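Dear colleague,

I am handing over the structure we spoke about, so that you can look at it alongside the notes that follow. Please open it first and then read on.

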Amino acid sequence: MSTATIKHHKTETSRVRELVITAFFAAITFLGIQAFRIPLPASIGTPFVHFGHVFVVMGLLLQGGKRGAVSGTLGLVIFDILNGYIQDIPQVFAETIIKCLIVGAIFAILKEKADHDKKKEYMAAVISAVIYGCMNILIELVMGTVRLLILGSGLSAAIAGSIMSIPATVINAVFMIAAIIILYQPVRKVYGRLAY
């Protein structure tokens, strides 16, 4: 077997492995919402606590922002399609891609600055999870306000209604950050063995 053939085979194997891992993260993102959700009261929508964003963030931290955006968006959109949240798909699609690309880029910069220091990389992962959670809260606040304005509410009523629904998003953000704090190190070790 020639050197070029061996390199081509390794490249193909690497691409298949990346595709399988991306599909895996999409699947566990979907299952993280489908199998575990606790409904929460809110004045807008039907929010619930779930594991979905834990796996979106874990996916972007381990795979990078681009592949994390693909797996996270697929998992969340598949959940929405199969559970009757069709009206939410455009927002979920756009915001997940944007959050994953931005947070993935931030994590890549922080990880590079960590220079293979595992403690600094861990802190970069936690900081990135906090940024993702804050972005999620801000986006939900803005989009909830816009949704109520479109439905005919006045500005102050739309803002108040959106604020009333934010506790569910805050709970999910805190839950996601706590899960990343606990799970990032052990999952990163397993991912490192499987992905390379």
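What volume does the largest cavity have? In this model, which is predicted rather than determined by experiment, the largest cavity has a volume of about 30 Å³, and the count of cavities of 30 Å³ or more comes to one. Its lining is made up of His53, Tyr132, Gly133, Asn136, Asn172, Ala173 and Met176, and the helices α5 (118–150) and α6 (155–195) each contribute at least two residues to the lining of the largest cavity. Sorted by character, the lining residues of the largest cavity comprise three nonpolar, four polar and no charged.

On the surface, there is a nonpolar patch formed by Val70, Leu74, Ile78, Ile81, Leu82 and Ile86, which together have about 540 Å² of accessible area. Leu74, one of the residues of this patch, lies in helix α3, which covers residues 65–82, and Leu74 counts as partly exposed because its relative accessibility is 42%, a value in between the limits of 20% for buried and 50% for exposed.

Another residue to look at is Gly104, which belongs to helix α4 (residues 89–114). Gly104 has a relative accessible area of 8% and is therefore buried, the cut-off for that being under 20%. Between Gly104 and Arg67 there is a separation of 37 residues in sequence, while their C-alpha atoms are 9.4 Å apart in space.

With best wishes

Key
Residues numbered from 1 in each chain as written. Predicted model: local features only at pLDDT ≥ 70, side-chain atom pairs only at ≥ 80, totals over all residues. Heavy atoms only, no water. Patch = residues over 30% accessible without salt bridge, like charges linked within 9 Å, V, L, I, M, F, W, Y side chains within 5 Å. Areas by Shrake-Rupley, 256 points an atom, 1.4 Å probe, with all protein chains shown as cover. Salt bridge = Lys/Arg side-chain N within 4 Å of Asp/Glu carboxyl O. Helix = DSSP H or I, 4+ residues; strand = E, 2+ residues; numbered from the N terminus. Buried < 20%, exposed > 50% of the residue type's maximum accessible area, 1.4 Å probe, protein only. 1 Å grid on protein atoms, 1.4 Å probe; cavity = no way out; pocket = protein on both sides within 12 Å on 5 of 7 lines; lining within 4 Å. Points joined across faces, edges and corners; volume = space filled by probe spheres on them. Nonpolar A, V, L, I, M, F, W, Y, C, P; charged D, E, K, R; others polar.
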